[in-house]
Amino acid sequence: QSDIVKRQAELYGVRHAYEFLESAYRNSTPPQNAHLLAHVIGEYAYKELGGEGVKICRQSFNFGCFHGFFNSLVKEKDLNSVAGAKQACVSPAKGKYFACLHGIGHGIFEREQDIDRALAVCDDFQDLEEKLYCGSGVFMANVLDLIAKKESAPKHLFCLGFCEEVENRWIEVCYTEQIAAV
């Protein structure tokens, strides 16, 4: 299915691909992977429209477009600074601030490929709620990474006990996201 969405974006543009995806599930329950398909839309929105691409993202598919967009943005730009990350969220994504921070957490994990290093970047946010939304993106990206590498990933990472190894402030967020890997 992601190949179909990618092909739509490449042939007709990302706006058309997003409409195509939304119309496909307008009258039915989207499949579980629809969130990931919306990630693809977000990635193409960044690729095609740059920083302005976030403006096409909507809340559909559990904010998947935002996650894919900010994943791409963070991987390409050096957003280790809190100021850079916050600016990326505040300017184009008015009203979607926390979904944006979660998406940045996805991107930070993808760039760092290490939970502790990624969470350290999230820790640069001043506000606890901002840190937790960023951290939830880190943990979700980790789970998606584990699922993609299921055969080669260490088995202990697929249990909830993994969350007992993280610092106390991250435990609740870890359990919330980690449940998908169990």
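This short presentation covers three helix pairs and the largest pocket of the structure shown above.

Good morning, colleagues. Please bear in mind that this is a predicted model.

Let me begin with helices α3 and α4. Helix α3 spans residues 34-49 and helix α4 spans residues 60-76; their axes lie 6 Å apart, at an angle of about 40°. That angle makes α3 oblique to α4. The crossing of this pair is right-handed. On the α3 side, the contact includes Ala34, His35, Ala38, His39 and Ile41. On the α4 side, the participants include Phe61, Phe63, Cys65, His67, Phe69 and Leu73. By class, the residues of this contact comprise 10 nonpolar, 9 polar and 2 charged.

Helix α3 also packs against α1, which covers residues 2-12. Here the two axes come within 9 Å and cross at roughly 25°. Because angles under 35 degrees count as roughly parallel, α1 is described as roughly parallel to α3. The crossing of α1 and α3 is again a right-handed one. From α1, the residues Ser2, Val5, Lys6, Ala9 and Glu10 meet Leu37, Val40, Ile41, Tyr44 and Glu48 of α3. This contact divides into 6 nonpolar, 1 polar and 3 charged residues. Ile41 of α3 takes part in the contact with α4 and in the contact with α1.

The third pair is α6, residues 97-112, with α8. Their axes come within 7 Å and cross at roughly 50°, which makes α6 oblique to α8. Once more, α6 passes α8 in a right-handed crossing. Among the α6 residues in the contact are Tyr97, Phe98, Leu101, Ile108 and Phe109. Among their counterparts in α8 are Tyr133, Cys134, Val138, Met140, Ala141 and Leu144. The class division here is 11 nonpolar, 6 polar and 4 charged.

I turn finally to the pocket. Which elements give two or more residues to the lining of the largest pocket? They are α3, α4, α8 and α9, where α8 covers 128-148 and α9 covers 171-178. Of these, α8 gives the most, with 4 residues. The volume of this pocket is about 400 Å³. It is lined by 16 residues, and those closest to its centre are Gln32, His35, Leu36, Leu144 and Ala180. The lining consists of 10 nonpolar, 5 polar and 1 charged residues.

Two of these central residues have already appeared in the helix contacts: His35 in that of α3 with α4, and Leu144 in that of α6 with α8. Thank you for your attention.

Note on methods:
Residues are numbered from 1 along each chain as its sequence is written. This is a predicted model: local features need pLDDT of at least 70, side-chain atom pairs count only at pLDDT 80 or more; totals for chains, interfaces and linings use all residues. Side-chain values use heavy atoms; hydrogens and water are left out. Axes are lines fitted to C-alpha atoms, for helices over the stretch in contact, and angles run from 0 to 180 degrees between N-to-C directions. Angles under 35 degrees count as roughly parallel, over 145 as roughly antiparallel, 65 to 115 as roughly perpendicular and the rest as oblique. A crossing is left-handed if the near helix is turned anticlockwise from the far one by less than a right angle, and right-handed if clockwise. Contact means heavy atoms within 4.5 Å. Ala, Val, Leu, Ile, Met, Phe, Trp, Tyr, Cys and Pro count as nonpolar, Asp, Glu, Lys and Arg as charged, and the others, Gly among them, as polar. On a 1 Å grid over the protein atoms alone, a cavity is a set of points where a 1.4 Å probe fits but cannot get out, and a pocket is an open set with protein on both sides within 12 Å along at least five of seven lines; lining residues have an atom within 4 Å of a point. Grid points are joined across faces, edges and corners, and a volume is the space filled by probe spheres set on the points.
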